[in-house]
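Student: I should like to take a close look at a single part of this model before turning to its surroundings. Please treat it in one connected account.

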Amino acid sequence: MKAKLFKKATAIGLSVLLAAGSLTGCGSNGASADNTAANETVVKEAESGTEPAVAPEAAGDGLVFKVIAMNAASPYWLSVKNGAEKAAEEMGSEYGGIKIEYVAPQEDTDTQKQLEMVENAISQGVDGILIAPCSPTVPHDAIVEAIDAGIKVIVIDQYLDPMDANGFFGTNGVNMCTELGEYIADNHLDGSGSYAEMVFNMTSLASIDRYNGFIAGITGIYPDMKDVGYQITESDINKTTSLVANVYQANPDLKCIFANNDRTALGVLNGIKELGIEGQITVCAVDCNLDLLKAMREGTIAALSLQMPYNQGYEGTKKLISLVNGEEIEKESDSGSFLLTPDNMDTDEAVAAIQQYIDGYKPEDSQ
Amino acid sequence: MLEFINISKSFFKNKVLDGISFKAESGEILALAGQNGAGKSTLMKILTGIYQADGGQILIDGKEVHFTSVSDADAAGVGIVYQELSVIPHLTVAENVVLSQNVNRRFHYLNKKKEIAQTEEVFRRLGVEIDVTRPLGEYTASTQQLVEIAKSIYKNPKLVIFDEPTTSLTNKEREKLFEVMDAMRKEGMTILFITHYLEEMYRMADKCVVLRDGRVQYYGAMNQLDKGELVNLMIGQRLDAFYPKIESYVTEKTAVELSGFGGGIVAPCDLKINYGEVVGLAGLVGAGRTELVWMMIGHTKHSYGSIKIDGRDVTIKDPGDALDLGIAYINEDRKNGGLHTGMGIGFNILLPSIVKNRADIVSSTGYINDKEARRVSDEMIVSLEVKCVDADQKVMTLSGGNQQKVSIAKWIAADPQIYIFDEPTKGIDVLTKSRVYDIIRGLAKDGKAVLVISSYTPELIGVCDRVEVMSKGKIVASFGQGVTENDILLVQ
Amino acid sequence: MNTPVVKEKGSMFKKVLGNQISVVFFILIALIIFFSVGAKGFFSAYNLKSLLQQTAVIGIITVAQTFVIITSGIDLSQGAIIGLTTLIASGMMVDLGLPIGVAVLAALLAAVLVGVVNGFFVAHVGLPAFITTLGTQYIIRSIALLAKGGNDIYNLPPEISNFGRGTIGGVFPNLAIIMIVIVVIMHLILKKFSFGRYVYACGSNVTAARFSGVKTKKAIFLVYVLAGFLCGIAGIVMMCRINAGIAVCGDGYEMNSICAVVIGGGSLFGGEGSISGALIGAFIMSVLSTGLQIMGFSTYWQQLITGIVLILAVMVDTIRRRRSQGME
């Protein structure tokens, strides 16, 4: 009877192993990390004990890039991944295939998890890392370690502080939202009433920069207009809906709400619809999706600042490839932004910008 | 109507039933006697389709049957009334009875009127008057048990097994039960009656089958079997006296003194227990005995009066305080209040000793000496003859009698001065009962003060120096040696 | 006549596979071997050190959760306590300029206070642990967010990150050592001291425990206070890891500690569980996460596989449990 239990436990253990093994088969495609030359799996006793034992593969045997996003749920990062995979596909043949591995913590507040991901990438010995940091400082030391170990690191979307990676490629959130704020002030406000900000958190620089930028934009034109302050939404649509109701109750003279990401914007729209105050409030936001575009057509959203997530992935990967080749790149470059308004939303430029988020978008899709 | 022919069953290398053969006729009550582990429950599980026999045949009305599931047995007309009640308190009596029938039929529409009529019919057959439209939860446990019986009668079984039905019943309720069983017998049903109480067997059964070690030791008329012989066949040895001889060890020193002590349903009571004395507390269920004792040990709060231990006034806020003062309470409810059934025997035995910081096991910092602890629990296991593999065996796997031994052992190990036994022989077999009586008298000999609550008057008479009787919350009488059951019954 | 205690000469298998700890240990070793072979870079000094550091925070709160779950309770406020602790400690150092020792002590005190609140409501008032600790989770999280308006605290004294990345003898991470010390001490308390017995007694059957003389309210209260304290330490460890005070960090970590305890043989019904089993459970989860990442799996696959392993481990535990009961 004990023998039976042992057999059962072995069977279960083996099936776990087999399951994981077979999943490996369908999980990896293209060149896998099968490099015997650089394959040092021996436990090494390094001086500081922090050096990884595995060196990245030599070029020509296939490259592995880790894309470490801020969270596993937002479609923004999937656009980044798509861009990265496209670049990998285009350039891959020269290098024996480039594999893009995509990881992210469940929530963008789990800075420790993201730190782990950088450390694991170092253990794995990848060739390059494309990372959008959840926090400007938490992954810093690990990124430096990675670079010391010969891994190329490009930081996208949000700043690392201090910027000790090989390169930064992201939107200047401050400028982007200042432009947005100015546009709104010019076209929709007259200095009376108040405005509020819905931010997804106060941890990541992206969120903080956009917030600061927007306020700068408004106050540049109407310095005396009342700012009722920010609310933290944690990118939760339901939560944001409730927060809108609270803010409006407290400030009946509310004229404008700024949402600094797509989820937050959706929550704001819901909130306004529930309160029935669509006409009274000017809504503007960062990022886009089909629902937000439809709302723009209907007139409930005044303007959207669009980033270039696809480009961040695409160009970011190309920069990594250049670095692997030993070429120099610009240390810091702006991935660009586009101010989308109801007036320009059907122009070719606008459509291209929207396609950064929604692959194959056509103006008919949002009608 | 029922015949077992050469039934055998083994679990791995353990032969539990060996060549069981006997018959039970219609309109007959057959008592199935035997110690725990003799094979009674295994045989019943085979008859109700839970187990399958390895060899032999079962005939019902002359035809061989093979039960592979409980529903097979059910369909063949075999019913069983368990000790454990399965009651849905907020549904009515009728709904409870009917629900138990419809378990397998998912979309069966329950016609309320028909439900009520059919249920009332069943109770009529049993000779029981009951309002079937009241929620079952409003009735007492013994009435709920009658409902259990109704559930099995509803299906019109040919044979009904009663598994230790009187354990939780008062005398009056037991009488009612016997009336019902008699009614069923008159209707022509076959009844297999399992009980530990010998008097009940003699009272109700026509025939008797005695099992021991998986074999039939006797099969014949009940009244042709001498009581001593019955016990002999059951336990394989001669038990000269069921109750130990009473020598008085009573001292002058008072251990517990209650003055005007009471609360809740218990009126202010006076009670004194001396060292070396065994005092019995008789009374009906609901008379307030357990309630009184729970206040003594601090499990519930008392409203008036005082309690003195060793002549000093004490405040007991919880059973922990009681233990500190040297009072042990052996709970009536083993499963829920007396034992940690999911833990090992050793864990259970050692707990009060650890709480009391028994010096040889627990250091001043609370560190437990595992070796010494193990020695103590092994000692207790041997001295109380707990049948087990080792001290790590989980208590839930022990028989009722062995569980009771553990629940007593744990207190002996803590070396208290005062023992309170609440229904100490409930649901345990004959041999263990006798052993418990020996233990109780042994404690008195060691100079301990003992209080025994029991609803089984003969055992109080047989074990105690003195019997107090409680009725409706008051102590109404006190009897010394030589009291009869009748005396006590009259006063209750 | 005495019935001798029958000592069955149990087979080795019974000893080894008779308890969940051995089973999960076997699973852990199997996983480590599997990843060492299949994931280049897994079996390296750097990665093993990484693993220890990565498991430190979860490992410590898993120890706390073990105590709580054995009493048939649950502590959902663990993650919130971690966040609060990092914030208080950081705030004291950065905003108030207090010495590190004082800041750490103040943060630990706050964590203990949360434990006291939890313990009071669960043990003395008698509220269900699930609701109570869920309530404290929300309250503590909100307090942490209100304290700095949701902002994070950076620019901690360099000693913090140095300690966080530091090692003993160049090999063993400081943070892992803290975890190991806590594990060893708590394991001893649970198994070898009377308090541990009271914990099991309360969880297995609180009524029987009370009747046996155990001061059940006191014991359960202390369990939650201890849990709060340990989560406070976990919070300090977290702060050393991320070198910041972030109110929302640790969010959801209690789910992982509950998983770990259950994988290790703990029962949500109480009365069962062990620290060694739970710790192995915590390592199984972090080994899986790291190993799969190094093999190149995306986050979505990791979640799936971790879920499967959790179910398998609990299945094995349930089967084993049923077997041992059916044996008699």
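Student: In what order do the 4 strands of the open sheet in chain B lie, and is the pairing parallel or antiparallel?

Tutor: The model is a predicted one, and the description that follows should be read in that light. The open sheet of chain B is built from 4 strands in the order 2-1-4-5, and their pairing is antiparallel. Strand 2 (14–24) and strand 5 (63–65) of chain B each have a single partner strand and stand at the edges, so one side of each has no neighbour in the sheet. On average, neighbouring strands of this sheet are turned by 30° against each other, direction ignored.

At one of these edges, strand 5 of chain B pairs with strand 4 (residues 55–60) of chain B over 3 bridges, in the antiparallel sense. Within this part of the sheet, Leu59(B) stands opposite Glu64(B) of strand 5 of chain B. Helix 1 (residues 40–47) of chain B lies across strand 1 (2–11), strand 2 and strand 4 of chain B. Relative to strand 1 of chain B, helix 1 of chain B runs at about 115°.

Beyond the sheet, chain B also makes a contact with chain C, to which chain B contributes 46 residues and chain C 29 residues. About 3,300 Å² is buried between chain B and chain C, and carbon and sulfur atoms give 57% of this area. On the side of chain B, the residues that lose the most area to chain C are His340(B), Tyr367(B) and Val389(B), which together account for 15% of what that side buries.

The polar part of the interface can be described as well. Between chain B and chain C there are 4 salt bridges; one of them joins the side chains of Asp318(B) and Lys215(C), at 3.1 Å from N to O. The count of residue pairs in polar contact between chain B and chain C, both at pLDDT 80 or more, is 13. The elements of chain B that give two or more residues to the side touching chain C are helix 10 (319–324), helix 11 (334–338), helix 12 (345–355), helix 13 (370–383) and helix 14 (400–413). Of what chain B brings to this side, helix 12 of chain B gives the most, with 6 residues. By class, the side of chain B that touches chain C holds 22 nonpolar, 14 polar and 10 charged residues.

Conventions: Residues are numbered from 1 along each chain as its sequence is written. Chains are lettered from A and ligands numbered from 1 in the order in which they are written. This is a predicted model: local features need pLDDT of at least 70, side-chain atom pairs count only at pLDDT 80 or more; totals for chains, interfaces and linings use all residues. Side-chain values use heavy atoms; hydrogens and water are left out. Two strands pair if DSSP finds at least two bridges between them. Axes are lines fitted to C-alpha atoms, for helices over the stretch in contact, and angles run from 0 to 180 degrees between N-to-C directions. Contact means heavy atoms within 4.5 Å. Buried area is the accessible area (1.4 Å probe) that two parts lose on being put together, summed over both. A polar contact is a pair of N or O atoms within 3.5 Å; within protein, one must be able to donate a hydrogen and the other to accept it, and residues adjacent in sequence count only if both atoms are side-chain atoms. Ala, Val, Leu, Ile, Met, Phe, Trp, Tyr, Cys and Pro count as nonpolar, Asp, Glu, Lys and Arg as charged, and the others, Gly among them, as polar.
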